[in-house]
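Biologist: I would like to take a close look at a single part of this model, the places where charged side chains pair. Could you walk me through them with care, as you would for a first-year student?

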Amino acid sequence: MTVAQALVEFLGRQYTVDSVGGPDGGAYHERLIPGMFGIFGHGNVAGVGQALKQWQVVDPTLMPYYQGRNEQAQVHQAVGYARHTRRRQTFAISTSIGPGSSNMLTGAALATANRLPALLLPSDTFATRAADPVLQQLEQPHGYDITVNDAFRPLSKYFDRVNRPEQLFSALLHGLRVLTDPAETGAVTIALPQDVQAEVFDVPEEFLAEREWRIRRPEPEAEDIAEAARRIRAAKRPVIIAGGGVLYAFATDQLRAFAEATGIPVGWTQAGVGSLAWDHPQALGAVGSTGTTAANAVVRDADLVIGIGTRYEDFTTASRTAFQDPDVSFVNINVAPIDAYKHGTSLPIVADARKALSALTTALGGYRVGAELERVVADEKARWDDTVDTAFAERPAFAQDHQPLVSQNAIIGAVNRAMDPRDVVICAAGSLPGDLHKMWRIRDPFGYHVEYAFSCMGYEIPGGLGVKRAALDAAARPSAEGREENRDVVVMVGDGSYLMMHTELVTAVAEGIKLITVLIQNHGYASIGALSEQLGSQRFGTKYRTLDREHHTFDDGEKLPIDLATNAESLGVTVYRIEPGPDAIADLEAAIGKAKAAPEGSGPIVIHIESDPLVDAPSSESWWDVPVSGASELESTKQAFATYIDHKSRQRPFLG
């Protein structure tokens with residue numbers, strides 16, 4: 001066989017096995033790599049391309065091939081698929097050498113930052129150097145063995161290069177070990193020189209046999225659970241911060257049971273949205289810089305923080321200003337030691353979240369928080385719910401100053417109301433992620449997917465397409481009680497992110513995939529514009545305007561004559577235009593309903609609506625550390641710096 005043929009056959013016979021999360025709550029057993037994306041060039045057309053074509057003829061079910069329009073977007077699709085399958089399945093991506101490979105670098109960083117598996121197979125220059133240098137080869141005089149693929153090393157959780165055919169065995173086995181590791185997963189990059197891909201060698205039959213990769217679910221140590229229970233009983237104001245690890249461990253039922261038994265309130269990170277339903281009595285909502293006032297008020301006074309499956313990103317901790325009790329301490333439950341040991345915790349519990357929560361619930365039998373904390377939680381929840389109600393239904397007051405454009409808050413409310421509980425909202429960058437984190441009223445553990453570890457502009461459409469693929473595949477699988485109901489996937493994206501990477505709409509057109517996209521046109525970068533204003537930089541460079549050549553500024557010219565709705569139509573997409581005016585929100589809800597009613601297989605739908613970028617979401621009463629110039633000729637920057645210093649005074653190191 002050739003190296004590429006062995007690679008494809010091997011990947012087609014790998015399976016993920018898990019003790020939880022299968023049909024009807026049982027065990028799980030599915031293909032680890034259900035398909036491969038690829039854009040072909042001279043680096044992979046005769047290697048991986050030939051192998052995929054050969055298997056398409058011999059057995060098209062072994063490794064289905066999918067086209068894409070951009071290599072970065074193909075990685076985003078794999079990541080979206082992996083997130084929705086709870087890190088138990090992902091796609092492989094084959095690229096040619098040079099720009100085909102380096103286009104995946106952003107996707108690799110995103111996968112690793114989000115702890116989500118993706119298998120990257122960039123082609124490489126000749127291992128033999130028989131033709132030297134080849135087209136697109138990077139020549140470094142200080143290291144001739146360096147290729148563009150070496151840039152993947154710091155961005156990958158595992159990197160290897162197959163310079164000899166026999167190296168394929170260990171490269172793939174180690175790579176898939178990392179892909180299925182709940183603590184160490186991320187981008188796995190295996191570089192394949194173009195000559196080695198087509199080289200013939202003898203492949204042992206046992207290498208090509210079906211192989212199972214079991215997801216590890218480590219038990220907590222009894223001593224840790226006993227000590228955690230002691231600390232919780234001693235605390236007066238404990239709070240839980242639930243991260244993505246709760247969802248990946250299928251621990252939502254265990255978290256709900258724990259919160260209901262103890263009364264301990266729960267706030268969640270971006271990755272942890274869905275840990276509880278938004279209206280659960282113990283649900284505080286989002287925590288941190290993009291959090292709710294309810295969560296931030298409670299964590300501000302907490303004397304014990306129980307982190308479950310969170311990596312404590314700076315938005316979560318409000319840049320280490322969220323926790324203001326002078327004696328606050330941390331109990332961190334995480335399958336990844338790097339996260340369990342954060343904030344100088346003296347009690348890291350390196351364990352599966354589901355198993356740790358079950359053990360803690362038993363150990364705390366009969367315990368419940370005090371009535372005062374429960375009263376505070378109820379009052380703060382009611383205050384925030386009223387705030388969101390006002391933001392979602394602000395038309396009467398809002399119309400006076402901003403008609404005919406609507407606010408992004410009202411758009412989010414309309415989309416939230418129009419979607420079914422099982423539907424999935426997708427987002428990644430700009431002002432939308434923070435606003436969704438604060439205000440989205442989540443009703444299903446799989447209903448929210450916002451990529452915010454890397455906050456990559458352009459992720460939304462390809463990531464949403466990956467989620468939709470996973471939802472369709474799940475609906476197609478039979479279970480003991482029949483097939484799972486399909487989920488609609490709704491992408492929310494601003495014009496800035498849309499212009500970065502909308503190419504995968506063409507992929508959805510080619511495959512007839514019904515992906516619903518709500519495209520919000522505000523003629524600029526709303527998020528960074530608001531941040532620029534807060535930091536005294538006066539929204540510099542954040543508007544889409546014609547160039548004023550006299551002053552060389554893009555801030556004051558005419559709006560660009562861009563029609564993104566027509567752009568989407570030109571790609572073969574069905575487009576619904578929402579006209580500005582008093583009926584815009586009602587029209588938006590109706591358009592989403594119409595899109596949801598479209599049959600599967602009818603292709604993507606874009607709903608275009610304009611918004612006013614100057615209307616902010618409700619305040620989180622929190623902070624995010626972005627440095628402000630310490631010296632300036634601008635009065636706005638001087639004022640912003642004074643505010644910055646005030647916030648910095650409340651920042652804490654949390655060293656234990």
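Biologist: To begin with, the side chains of which residues meet in a salt bridge at 3.4 Å, N to O?

Modeller: Those are the side chains of Arg650 and Asp646, which meet in a salt bridge at 3.4 Å, N to O. Please keep in mind throughout that this is a predicted model. Side chains of opposite charge can pair when their charged atoms come close. Arg650 counts as partly exposed because its relative accessibility is 34%, and Asp646, with a relative accessible area of 41%, is partly exposed as well.

This pair belongs to a set, for the structure holds 37 salt bridges. One of them joins the side chains of Arg217 and Asp18, with 2.5 Å from N to O. The two partners come from distant parts of the chain, 199 residues apart: Arg217 sits in the loop between strand E9 (211-214) and helix H8 (222-234), while Asp18 belongs to strand E1 (residues 14-18). To judge how covered these two residues are, we need the cut-off, since buried means under 20% relative accessible area. Arg217, at 12% relative accessibility, therefore counts as buried, and Asp18, at 0%, counts as buried too.

A further salt bridge is formed where the side chains of Glu30 and Arg477 meet, at 3.2 Å from N to O. Glu30 lies in strand E2 (residues 28-31), and Arg477 in the loop between helix H18 (460-476) and strand E18 (489-494), so this pair ties together parts of the chain that are 447 residues apart in sequence. With a relative accessible area of 22%, Glu30 is partly exposed, and Arg477, at 23% relative accessibility, also counts as partly exposed.

Salt bridges can also be followed from one residue to another here, because a network of them links Asp420, Asp423, Asp488, Lys514 and Lys596.

For a contrast with these charged pairs, consider strand E10 (residues 238-242), where five of its five residues are buried. Pro238, Ile240 and Ala242 point one way from E10, whereas Val239 and Ile241 point the other way. In a regular strand the side chains alternate between the two faces of the sheet. E10 runs parallel to strand E13 (residues 304-308), to which five bridges join it, and E10 also pairs in the parallel sense with strand E11 (residues 266-268), over three bridges. Ile241 has a bridge partner in each of these strands, namely Gly307 in E13 and Gly267 in E11.

Methods
Residues numbered from 1 in each chain as written. Predicted model: local features only at pLDDT ≥ 70, side-chain atom pairs only at ≥ 80, totals over all residues. Heavy atoms only, no water. Buried < 20%, exposed > 50% of the residue type's maximum accessible area, 1.4 Å probe, protein only. Helix = DSSP H or I, 4+ residues; strand = E, 2+ residues; numbered from the N terminus. Pairing = 2+ DSSP bridges. Salt bridge = Lys/Arg side-chain N within 4 Å of Asp/Glu carboxyl O.
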